[in-house]
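Student: I am new to this structure and should be grateful for a close look at one part of it. Please begin with a single pairing of strands and then relate it to the rest of the model.

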Amino acid sequence: MATDIIMPQLGESIAEGTVVKWLIPVGGMIQKDESLLEVETEKVTLEIPSPATGLLNEIIVHEGKTVPVGTLLARIDSAPPWEVVNRVGGVVVRPMASTPAGDQHHSPAVRQLAREHGIELSQVKGTGVGGRVTKKDVLDFIAQSGSQVDVAAIASEPSMGEELLPFTQMRKTIADRMVRSKQTSAHVTTFFEADFSSITKFRETLRQDSGQSRRLTYLPFVVRAATRAIRDVSIVNSSWGEQGIVVKKDIHMGIATALEDGLLVPVVRYADRKGLAQLAKEIADLAERARSKKLIPEEIQDGTFTITNHGGFGSLLSTPIIHQPQIAILGIGAIQKRAVVIDDAIAIRPMGYLSLSFDHRVIDGATADQFMAKVKHYLEHSHWEQIL
Amino acid sequence: MDVAVTAKEIKRDDLLQMYHYLRLTRALEDRITALYRQGRIVGGVYTSHGMEAIAVGYASALERDDIIAPYHRDMGAFLIRGFTPGEVLAQYLGKRAGPSKGKDGNVHMGDLRRGVFGFVSHLADNLPVAAGAALAFKIRGESRVVFTGTGDGGTSRGDFHEAMNLAAVRKLPVVFYCNNNQYAYSTPIRLQMAVPNVVDRAKAYGMPGEIVDGNDVAAVYLAAKYAIARARAGEGPTFLEFKTMRMHGHSEHDPAKYVPPELLEEWKKEDPILKAEQLLKQLSYGDDSYFQEVVERVKKEVEAGVEFAEQAPLPEGPEVLEGVFADKADSY
Amino acid sequence: MMTMTEATEDVSYVDAISQALDEEMARDERVFLMGEDIGTYGGAFKITEGFLQKYGEWRVLDTPLAESGIVGAAIGAAMMGLRPVVEMQFADFISCAFDQITEVAAKNHYRWGAAVPMVIRAPFGGGVHGGPFHSECPEGWFFHSPGLKLVAPSTPYDAKGLLKAAIRDPNPVIYFEHKFLYRRIKSALPQEDFVVPLGKADIKRVGNDISVITYGAMVHLALESAQTLADEGIDLEVIDLRTLIPIDKEAIYSSVRKTSKAILLHEDNKTGGIGAEIAARLAEDCFDCLDGPIVRIAPPDTPVPFSTPLEEFFLPKTSDIVSAARKLAAY
């Protein structure tokens, strides 16, 4: 049963009125005689009481609009508008008059935002249905308070020159892992240089051909070359087992990913079975989700080899630490145009250094160099258009 | 008509080759049945036991670049097209080395390079597809032919009707056959159709039809040759009804108690291998010691296939996700 | 998004389809057409008018009334290397060919590596007083068959580009063209050859408050509603899926991450429609970005009725979208 709310005549000779403010949001519950909206005329602003009890089903005239007396402003349904017709999805409205703070149901988006920004939701005013805190309410709250939140308490001495940065879980984990890796493996690093011209050329052709943004970074190419080299020198894809060296037949490639506050190594599974486009896609996806903390545990497990792209800020060479229980890690440095000698003449080529740290318990320098020679070969001589 | 007279038209070597394939088909399917009974093959096993002459006869009459769109009692055709016993057994064992790489089982094999379509379990679905391949030949002006067929049960389905009709209307270079082995699972022919012979339907579609002794490989071969020639000459489709008897159950798990034993006893005398040997003797192309040689030879071939298939690796779980979509489509 | 270079006069949705067929047949001799009444008659909707004269009776085949047989034949021809485009006179008749489509065409490559490069054109959708057998939206049946690709354009540009892409794709594609849109919308099209890639949705309207994810004729309903809602300060983002399989998850997710509210809108019946699948995925993969319940707007679970008031009640209207959006915006 619907009740019409019309613009009342608020005095003789008054012909129109302005809706100033709806005191109940659409879908909200209202009792008879409770104030429903504020209306203004030339002479006066008044609160209009509701003629019925029910749910404010529909607002037709919105705040700020001026209409003649008698205009239909809204409708109240005395029965809740559950699904009358199985056509429009039910936004099931809970007729909550008010809810005690802290007891409220918060939507996933609201909770996520609160988590990310360290906000106490009980402090946030809700403007949604039934006083619910909406995503916009949280965003507005953040904009107003304008503070970056530190989750841990900061204890600092009044004296200058010293600041204590408490350990985060991530930092503790990284520290532990790095030290133990160094204590476990006999780390040796060997350096090679590769000519990236064929890759650069291919990237350029792709960019021109596709028109849209079909850009590949250098990383998928390096991954691909590494997987092929691993197939040739498979002992590089192994681990130190109890009874011997366990050579892994599957290649699950860890991609070291820098985060704001640390480092994660998400894994591209069966990396040798994937073409460049797919590798690029997966690497980008994993990196994004690593940074937004959306990886699941399975995605950072079971890596068999790791690649670290340390050239982002200009680093040329590196001595990376092996990601246990693997036995090697390949670093790729910044790719720069250098003067090189080809056929006894000087040419300008985009060159990059490859740094391989390996576990000398498992393989010797000759094997490591064999592997790296293969990586270099595949980087320089693959038919990329067939691998896309 | 004395078949031996017309069989003389067939080259001696061709007839001997057909005998070889009759023996190979029998040996392979018997071995598959044995492995099934030992529990080493899972899933369904459908053989052409006692009906080998049909596939061997018609496949021998085709050119290499003609297309075969078979159904599940055409093992002989697969072998003639170069599917090895090893591959077939790998298929049955669900190995990656089988033509389906484990994605489908038993006789659901196919390979466009060898000109054989992989069929589905829904019988008669292969017939419109065969007509379509024939349409492609006609559109491209190629003198290639498609040979396709199904069992007596399959002819009750709508796709049989739609394919026969389309092929006749457009005079497509396709030969349709029916392996009438008198039973569709447990349904005898009298509950399957109201006409006495399946071939009675051919006229309704406007194509010629012929009844052929399905257990006489020479008769099958000659009838097929005739129909294929018609198709190649642009005269349109022909329908061949191969009369035979299903000597085993619908599949190897079916004891087929619904078949009167006397019927089976009678048809044992008509065994296609027996008849082939009789014919070869009549024509002086072979004798018992020769036949024994062939038996030994195919036995070795089959055993080599068993060894290959048993050692071949099974596919791995994640491979289930491969191959849903194609990256490219070639011409054949 | 459309790149307009050297556009000529406006082309209607139905003519865009006709142009795509004509251009692909001229460009690639492997392309040929099969269907009922497409030759001499020029097709029930006149899409292939003049084609028989231009391409001959062996590239424009008037077939017997036999959907299953025709689709089966197309499969066989496609495997041999031709590129058949089959016309279902109305999408409703595609059920006759359900077996060949889902058991043979969809599964061939998976089972034995044989590609089936064919297209089935299916004029779907209601609003034309067609009744239960000339107004159906059957895409839901095939959405569930691995091995098929499904597309549903909403504009002349997408209609032409998607049909070309479908014909060039090596897989079986069902192309759902909306008959209501045939002569009701026009737009300028580029002169040169262009393709709309399969698997990419299109943002038909950028907005911040609610993502409306839809396809086919409903796209236009969503855009109309967006205009009304804009006046009330509710800003809709309209995502036109364009391809149903493979679905563009990235486009959907990135829109809902932005707006946190989603409406799924389609003309297919509600239960088990594509909206249900997308809603489930949003709940699974985008749970943390949702600030309101996922809403579906679709017809009730009945066949499409004939009588005008019944059909009007059945089909989604702009008022449904507006009212749902208002509620969701205020939630």
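Tutor: Strand β1 of chain A and strand β8 (residues 72–77) of chain A are paired in the antiparallel sense, over 5 bridges. Within this pairing, A:Ala2 stands opposite A:Asp77, a residue of β8(A). The model in which this pairing appears is a predicted one.

The pair belongs to an open sheet of 4 strands in chain A, ordered β1-β8-β6-β3 and paired in the antiparallel sense. At the edges of this sheet lie β1 (2–6) and β3 (29–30) of chain A, each of which pairs on one side only.

Chain A also has two details of the backbone that may be examined in its loops. A cis peptide bond, with omega about 0°, links A:Gln324 to A:Pro325. A:Pro325 is placed in the loop that runs between β15 (305–309) and β16 (328–332) of chain A. The other detail concerns A:Asp302, which is not a glycine and yet has a positive phi of about 65°. A:Asp302 is found in the loop between α6 (276–291) and β15 of chain A.

From chain A one may pass to its contact with chain C, where 19 residues of chain A meet 26 residues of chain C. On the side of chain C that touches chain A, two or more residues come from each of β14 (295–297) and α11 (318–330) of chain C. The largest share of that side, 7 residues, is supplied by α11(C). By class, the residues of chain C on this side comprise 14 nonpolar, 3 polar and 9 charged.

Chain C has a cis peptide bond as well, between C:Ile245 and C:Pro246, with omega about -5°. C:Pro246 lies in the loop between β12 (243–245) and α8 (249–259) of chain C. As for the predictor's confidence, chain C has a mean pLDDT of 95, and 98% of its residues reach 70 or more. Over residues 1–5 of chain C, however, the pLDDT is below 50, and beyond near neighbours in sequence this stretch has 6 contacts in the model.

Chain C is also in contact with chain B: 34 residues of chain C meet 39 residues of chain B. On the side of chain B that touches chain C, α6 (126–140) and α7 (158–169) of chain B each supply at least two residues. Here α6(B) gives the largest share, 9 residues. The residues on this side of chain B divide into 20 nonpolar, 10 polar and 9 charged.

Within chain B, a packing of two helices completes the picture. The axes of helix α5 (residues 85–92) of chain B and helix α13 (residues 288–311) of chain B come within 7 Å and cross at roughly 45°. The angle between them therefore makes α5(B) oblique to α13(B). Their crossing is right-handed. From α5(B), the residues B:Pro85, B:Gly86, B:Val88, B:Leu89 and B:Ala90 take part; they meet B:Glu301, B:Val302, B:Ala304, B:Gly305, B:Val306, B:Phe308 and B:Ala309 of α13(B). This contact has 9 nonpolar, 2 polar and 1 charged residues.

For the complex as a whole, the predictor gives an ipTM of 0.91 and a pTM of 0.68.

Terms used. Residues are numbered from 1 along each chain as its sequence is written. Chains are lettered from A and ligands numbered from 1 in the order in which they are written. This is a predicted model: local features need pLDDT of at least 70, side-chain atom pairs count only at pLDDT 80 or more; totals for chains, interfaces and linings use all residues. Axes are lines fitted to C-alpha atoms, for helices over the stretch in contact, and angles run from 0 to 180 degrees between N-to-C directions. Angles under 35 degrees count as roughly parallel, over 145 as roughly antiparallel, 65 to 115 as roughly perpendicular and the rest as oblique. A crossing is left-handed if the near helix is turned anticlockwise from the far one by less than a right angle, and right-handed if clockwise. Two residues are in contact if their C-beta atoms, placed from the backbone, lie within 7 Å. Ala, Val, Leu, Ile, Met, Phe, Trp, Tyr, Cys and Pro count as nonpolar, Asp, Glu, Lys and Arg as charged, and the others, Gly among them, as polar. Two strands pair if DSSP finds at least two bridges between them. pLDDT is the predictor's confidence in each residue, from 0 to 100.
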